[in-house]
Amino acid sequence: MEHSGKGDPARSLALLWRTSERTSRKGKPDLSVDRIVRAGIEIADAEGLAALSMRRVAERLGVGTMSLYTYVPGKAELLDVMLDTVYGETARPQDVAGGWRARLTLVAQENWELCRRHPWTLQVDTGRPPLGPNLMAKYDYELGAIADTGLTEVEMDAVLSLVLGHVHSTVRGAVAAARIEQDTGVSDEQWWQAHRPVFEKIFNPASYPTAVRVGGAVGETYQAAYVPPEQLFSFGLERVLDGVEVLIARRRG
């Protein structure tokens, strides 16, 4: 697990807000913070954070490793800017029909898709977040989804954290399932069909009546031994929003 915010604070903030970006020197490749960050994101998208290093980024750009340090102090600061960069990808329409519930649903869906595009973001502990412009804009927009609900500021932050926590927990399952299928070459449906005779032998209805009934229903419905992450995301999000609705009604009442 990597951690954001572990680089030099002053240097990270200067990079995030581009307050002191160097320009390319004559005769050197046309480098920039943006090009370096984009190369880092491409490596992490394809191979995960374990593959990310200043050397790998330099190789991808066709330059010497030391030339990167003219623009980016190190990997820790690079990771902060990578995170802030991908945070800028979420859609932020101003007019969303359906009130706060529809707006929060959009927020959840956008974050789900963001994590699916960049699964390496799930490998970064953002307890000390990169305080860049995209993160700030994203946070401000997402809080705006519930700004007119009557919740307190602390409750608004807690509701957003609850929704995003649900997104991250379920998208991890989706990423893991995709990785397993890629690594084994066997789909969930193929795995279920291959193991079905075994399940039918070991799951004794007399000994495990509830497990057999529920597990059988899940298997028949999804052709898998578990509810797919996409279904858990949708089901869980609706239940989370149901709870938020109760809280909002209480505040308005």
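The radius of gyration used here is taken over C-alpha atoms, and the globule rule against which it is set is 2.2 Å times the number of residues to the power 0.38. For this predicted model, that rule gives a radius of gyration near 18 Å for a compact globule of 253 residues, whereas the protein chain has 23 Å. Along its principal axes, the C-alpha trace spans about 75 × 55 × 30 Å.

**Overall composition**

The protein chain holds 11 helices and 2 strands, and their order along the sequence is β-α-α-α-α-α-α-β-α-α-α-α-α. Among contacts in the protein chain with a separation of 6 or more, 75% are between residues 24 or more positions apart, and 40% of the 253 residues count as buried. The accessible surface of the protein chain comes to about 14000 Å², with 54% of that area belonging to carbon and sulfur atoms. As for charge, there are 29 positive and 33 negative charges, and the mean positions of the two sets lie 5 Å apart.

**Helices α7 and α8**

The table sets the expected span of two helices beside the distance between their end C-alpha atoms.

| Helix | Number of residues | Expected span | End C-alpha distance |
|---|---|---|---|
| α7 (residues 133-144) | 12 residues | 16 Å | 16 Å |
| α8 (153-184) | 32 residues | 46 Å | 47 Å |

For α7, the 16 Å between the end C-alpha atoms agrees with the expectation at 1.5 Å a residue, and for α8 the 47 Å found likewise agrees with the expected 46 Å. Within α7, the buried residues are Leu135, Lys138, Tyr141, Glu142 and Leu143, a list in which Lys138 and Glu142 appear beside the two leucines and the tyrosine. The buried residues of α7 pack against α5 (75-87), α6 (99-117) and α8 (153-184). Just after α8 comes glycine 185, which takes a positive phi of about 75°.

**Glycine 7**

Another glycine, at position 7, is found in the loop between β1 (2-3) and α1 (9-16). Is glycine 7 buried or exposed? Its relative accessible area is 13%, and because buried means under 20% relative accessible area, glycine 7 counts as buried. Leaving aside residues up to four places away in sequence, glycine 7 touches Ser12, Ala76 and Glu77. Glycine 7 and glycine 98, by comparison, are 91 residues apart in sequence and lie 42 Å apart in space, C-alpha to C-alpha.

How values were computed
Residues numbered from 1 in each chain as written. Predicted model: local features only at pLDDT ≥ 70, side-chain atom pairs only at ≥ 80, totals over all residues. Heavy atoms only, no water. Helix = DSSP H or I, 4+ residues; strand = E, 2+ residues; numbered from the N terminus. Buried < 20%, exposed > 50% of the residue type's maximum accessible area, 1.4 Å probe, protein only. Contact = heavy atoms within 4.5 Å. Areas by Shrake-Rupley, 256 points an atom, 1.4 Å probe, with all protein chains shown as cover. Lys, Arg positive; Asp, Glu negative; His and termini not counted. Charge placed at Lys NZ, Arg CZ, Asp CG, Glu CD. Expected span 1.5 Å × (residues − 1).
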